[in-house]
Amino acid sequence: MEIRTIEYYLPENVLSNELLANEFPEWDAEKINEKIGINQRHVVANDETALDLAFFASEKVLKSFDKDLIDFILLCTQSPDYYLPTSACILQNRLDLKTSIGALDFNLGCSGFVYGLALAKGLIQTRIATNVLLVTAETYSKHIHPKDKANRSIFGDGAAATIISESAVNKIFEFELGTDGSGMNNLIVHNGAFRNKFNPSEKETTDESGNLSNNNYLYMNGPEIFNFTIENVPALVKKVLVRNSLSLESIDYVIFHQANKYMLDYLRKKVKIPIEKFYQNMENTGNTVSSTIPIALKDCIEKNLVKKGDKVLLAGFGVGYSWGATIIQV
Amino acid sequence: MKKIDFINELKELLEIEGELLETTPLHLTSLSTLTVIVFLDENFNKRVKAVDLKNVSTIKDLINLTGSEFLI
């Protein structure tokens with residue numbers, strides 16, 4: 001199996017650092033950009049959802065691929081339109097795909113694209129599907145408190161659509177996956193589902209940097225998430241290389257989940273990945289959660305940083321905690 | 001690492017102006033907390049929990065957290 005094609009879609013509204021600085025005069029745009037490497041991010045309008053982004057990204061990818069050949073939709077999102085029905089089912093109808101296909105949502109964040117590839121590989125390998133439409137679509141802006149400038153600076157909305165097909169030569173190699181639910185409280189939206197209902201009178205809290213939030217909105221313990229990545233990502237890279245009997249030297253390019261510049265700079269150094277083999281670009285998109293890897297991969301191919309035949313290591317890590325890596329051949 | 005180098009490096013990394021003594025009050029924002037996490041991991045292979053860094057209010061607290069065995 002192989003990745004046939006990727007497209008992505010970013011919502012029209014752009015939230016620049018200047019706009020954030022206008023809203024938060026104490027916010028040092030230049031300093032933040034220097035640390036996190038983000039100049040602007042796209043955010044959805046009030047009436048726009050992750051499913052809309054998924055639809056536009058899918059429409060784009062289906063311009064170059066016969067939609068009648070799609071026989072499975074995998075949709076990764078943590079911002080569904082409804083508790084039920086499943087967004088992937090609605091997407092099948094909106095895209096006017098045939099009804100004799102499978103479709104399901106899966107709820108993951110920054111590891112979602114790698115897990116989607118693993119699921120697609122399994123479906124194809126077991127002859128359940130031949131052409132899988134894998135969509136990652138996220139609108140964290142809807143989960144973030146309007147006065148939480150830190151998270152508003154980091155996250156951007158977006159969607160990516162990838163087609164994975166069977167092929168004569170396998171170009172999606174072995175996977176290394178990991179899960180540790182003990183980290184659940186470090187990146188969480190506490191209220192709104194069934195454990196804790198949305199609470200309109202929830203008390204607001206202010207963190208040490210002056211960010212306002214409450215349990216109805218996204219909470220991220222940045223330092224602990226950072227600790228999690230330091231602990232797990234270097235090991236993840238080692239393990240996926242061992243699993244594939246490859247060395248880091250034999251890998252042409254490395255694409256990590258584009259979390260933020262500060263984290264990626266340190267992880268790259270720690271794993272000892274040469275800078276020329278390591279992609280970093282979240283300047284105009286922010287951290288789009290499950291879509292950062294396909295967006296980066298598409299950009300790398302377009303910029304000719306990744307060429308046909310290259311082996312690329314992909315690694316995603318975050319909310320859950322959940323992490324995963326694989327190696328693909330372009 | 002010498003204690004004086006530890007203090008001087010942190011002074012630079014945390015962009016602290018003026019003299020930095022062990023007793024100088026320290027206010028760690030989320031970004032400076034990340035800086036400290038990286039500094040300790042990189043130099044001492046020492047992992048510190050965010051919750052422990054929340055209780056840090058002076059360089060002395062950080063020295064204690066790092067462990068005296070690492071500093072001379």
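**A tour of the chain A sheet and its contact with chain B**

Start by selecting β8, β15, β14 and β13 of chain A: in that order, these four strands make an open sheet with mixed pairing. Helices (H or I, at least four residues) and strands (E, at least two) are DSSP runs numbered from the N terminus, and two strands pair if DSSP finds at least two bridges between them. This is a predicted model, where local features need pLDDT of at least 70, side-chain atom pairs count only at pLDDT 80 or more, and totals for chains, interfaces and linings use all residues. Residues are numbered from 1 along each chain as its sequence is written, while chains are lettered from A and ligands numbered from 1 in the order in which they are written.

Now colour the edge strands, β8 (172–179) and β13 (253–256) of chain A, each of which pairs on one side only.

Next, pick β14 (311–318) and β15 (322–329) of chain A, which pair in the antiparallel sense over eight bridges. Click on Leu314(A): its bridge partner in β15(A) is Thr326(A).

Then show the chain A helix α9 (292–302), lying across β13 and β14 of chain A and running at about 150° to β13(A). Angles run from 0 to 180 degrees between N-to-C directions, with axes fitted to C-alpha atoms, for helices over the stretch in contact.

Finally, bring in chain B. Eleven of its residues are in contact (C-beta atoms, placed from the backbone, within 7 Å) with 14 residues of chain A. On the chain A side, α7 (222–243) and α8 (261–271) are the elements giving two or more residues, and α7(A) has the largest share, six residues.

Conventions:
Two residues are in contact if their C-beta atoms, placed from the backbone, lie within 7 Å.
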